[in-house]
Amino acid sequence: KKTAAAAAAAEPVQIEDDRTGLSVETLKRAFADNLFYIQGKNADIATLNDYYMALAYTVRDRLLHRWLGTIKAQLKPKVKVVYYLSAEFLMGPHLGNNLINLGIYDQVRQAIQESGLNLDELIAQEEEPGLGNGGLGRLAACYLDSLAALEIPAIGYGLRYEFGIFDQEIRDGWQVEITDKWLRYGNPWEIARPEATVEVKLGGHTEAFVDGAGRYRVRWIPGRTIVGVPYDTPVLGFKNNTANTLRLWKAEAPESFDFQAFNLGDYYGAVNAKMYSENISKVLYPNDEPMQGRELRLEQQFFFVSCSLQDIIRRHLYVGGKLENLDKNAAIQLNDTHPSIGIAELMRLLVDEHNVDWDTAWQITQDTFAYTNHTLLPEALERWPLSLFGSLLPRHLEIIFEINRRFLQEVSAKFPGDTGRLARLSLIQEGPEKFVRMAHLASAGSHAINGVAALHSELLKRDVLRDFYELSPEKFSNKTNGVTPRRWIMLSNPELAFLISESIGDGWIKNLGELRELERFANDKEFQSRWRQIKLNNKTNLTEYIRKRTGLVVDPHSLFDIQVKRIHEYKRQHLNVLYIITLYNRLKQNPELEITPRTFIFGGKAAPGYFMAKLIIKLINSVAAVVNSDPDVRGRLKVVFLPDYNVTFGQRVYPAAELSEQISTAGKEASGTGNMKFSMNGALTIGTLDGANVEIREEAGEENFFLFGLTTEEVYALKARGYNPWDYYNGNPALRQVIDQLASGVFSPGEAHLFEPLVDHLIHRDEYLLLADYQSYVECQDRVGEAYRDQEHWTRMSILNSARMGKFSSDRAIREYCEDIWGAVAVDVALEEYVQATA
Ligand code: 475
């Protein structure tokens, strides 16, 4: 009789590798193993964070062979790689997203459950890497997701800020900024690559010399050296083998630096110099649109761009490429002008370091770079004082002068005698203080320039880059933004994702256009009721979160009316507040008034130095305090400001929203991307004809969109003929009452003058035309309240909104970039076999 052991030995047993296996059993074993051997804990003493880390490492192991396979497939001659240069990547938490993209969400949930834990709690442990301010940084993250989903070889290059966007607390209604120590407990998603370190030079001066071939040359004698150390994070594609790389640079002092000083006995000086170097990647500048001409900011930009370009050239040469063919292997995208110094730096690397002649170098540069503009606000356009620029980057300033000299020659040839045009196009802004105009550098040095929504791209051609458009119209195109349905539907709204897949299959996840098939359920009673139930569940979850975070109890059956985004005067959170006060006044004047019960929810950070934006936060909280404690409006009106809006919080908010506030002054919001996330998740939009709202309305159908306000043309015309906010104040009693209440301290008991700066600005200047749009907004909001009473019709509109948002997938946007700008195509990736290392 055979023993059990002998029987087992006879059977060819298939044992899954603990680091790659995807079965529940294997995942459980790997999880326990990582807890013990990586965290050094067992169940007796492990914290929730230990469990999170053990799970993160379990998932990371499963990324690695996809990642190595990808590197192998992409590090080949003839492969074209997209290099996305961005000062910000607002990635959001990785764990849940990686589970989705690996396709193991359910297995891991079960494995964790069988280990006696709860997956949601572990996911909630992750501190998100807040390496961005808002729209621009989050767009970069959605684009990395789509590049990987579409198997396009891509590297995202940026800065590894030690402190990301500040955490926001609200004290006494005011924003307080707290340092974001996101690396405190370590970051399991990144791998340092110190062997790929590069050097970056700064400061000093230049000198002329004659080279061996008798040619006149210039060399840069830099003042100091910084070292850039890359930290890589794999970015998985959805259920494929591609794992691209996000490569973020950390600034360090060169080794030689401290040794030198140490030998001289100046230990303190050495450590000081080291700290000075490390400063460069210390902190993210928390200003989104208005630019600040800080030297450290320019150092940051140059630092990460120079590291990245050196890395790109190294890769290109490694696969046997010739510099003349760089554009065949590399497409470099500038995410706004923040990395645009790259144009001068690539010229310097080619001409000074690699001995390429100027004309060839300029051709390579133009053919390689492309530039995306994200804002029309004049105060956001980057320009650097010549003096500051020249002292930090003396050689680059010379190169920019030379680019400009040749560029203006071309302009003269095309528009002879047009000196006004020369001055307008020049890369240098003349005047008592001279500036380098970074948008001009980016435009001259790129073969493609794009805006981020149809309207925005038109306005770019008409206003900000008009002269560049007249010079080179062929460079211009529109690339309407998009967002990833993996994070913004599947991960954040799993119940909705399940209902959709059950109804139309799961092809929509990779091909969002398929959501159209939901249209046939728009009138289906059974489907409608499930749709509504899911929304209610999401609202109930948010209600619970609001209670935990603020102590406020809100009614999940009220209309959830939500505005989440950076706080900005042009985004007009305070117009929303004017309506809330209007409603409040109506209820006070007529206590029996029947209105649709509403919960107004706000979230968003203000730049720490932006006084008006901070005052708007205080205003929202002050109005909330009065309204929420007034028994006269109980059950009908609630106002919530949720502190510390970020990606994690966004994932809770979009699925729970019924009304999406997109109320910027027409012509000011380049695109918006939150508007897309709301709508995909079934919220209706109240909005102006601004940014991508125009296209959202076009897709959803005008009957499923709440439109109000002046158009861009009307805004221009009104300003041209002289806008006087007083006329609106005097002509509208309800408006006047609201303004008077703000001015007299009704919402700031004991501090009558608190909101005076806001009120003054509104009645005297009102740059963003709140008063002009007030009546139209109020009427539109009233229509919203009415419409909500017909739940069947509302649900139909909600379903149609989701069904028709296919266009706003970042997959569509990335396909357009690949076809029209980058010339990049998918590369098949085979999984890398794990082989025991041999010498
Ligand atoms: C637009 N950020 C949105 C989004 O295209 C648009 C500027 C300077 C320094 C740091 N951050 C910034 C932006 O300019 C920005 O976020 N712009 C936004 O880009 C993506 O959807 O309308 O305001």
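Biologist: Which elements do the buried residues of helix 4 pack against?
Modeller: This is a predicted model. Helix 4 covers residues 95–102. Its buried residues pack against strand 9 (224–236) and four helices by name: helix 3 (48–74), helix 5 (105–114), helix 6 (119–125) and helix 20 (485–491).

Biologist: How many residues of helix 4 are buried?
Modeller: A residue counts as buried if 20 or more other C-beta atoms lie within 10 Å of its own. Leu-95, Gly-96, Asn-97, Asn-98, Leu-99, Ile-100 and Asn-101 are buried. Helix 4 is thus mostly covered, and the count is 7 of its 8 residues.

Biologist: Which residue just after helix 4 takes a positive phi?
Modeller: Helix 4 ends at residue 102. Just after helix 4, a phi of about 75° appears, and the residue that takes it is Gly-103.

Biologist: How far apart do the C-alpha centres of domain 1 and domain 3 lie?
Modeller: Domain 1 is made of 24–74 + 106–127, and domain 3 of 502–808. Between their C-alpha centres lie 39 Å.

Biologist: Why is the protein chain as compact as a globular protein of that length?
Modeller: The chain holds 34 helices and 23 strands. For 839 residues, the globule rule gives 28 Å. The chain is as compact as a globular protein of that length because its radius of gyration is close to that value, at 28 Å.

Biologist: What is the mean pLDDT of the protein chain?
Modeller: The model scores ipTM 0.98 and pTM 0.97. In the protein chain, 96% of residues reach a pLDDT of 70 or more, and the mean is 95.

Note on methods. Residues numbered from 1 in each chain as written. Predicted model: local features only at pLDDT ≥ 70, side-chain atom pairs only at ≥ 80, totals over all residues. pLDDT = per-residue confidence, 0-100. Domains from an automatic or database assignment. Buried ≥ 20, exposed ≤ 12 C-beta atoms within 10 Å, placed from the backbone. Helix = DSSP H or I, 4+ residues; strand = E, 2+ residues; numbered from the N terminus. Contact = placed C-beta atoms within 7 Å. Rg over C-alpha atoms; globule rule 2.2 N^0.38 Å.
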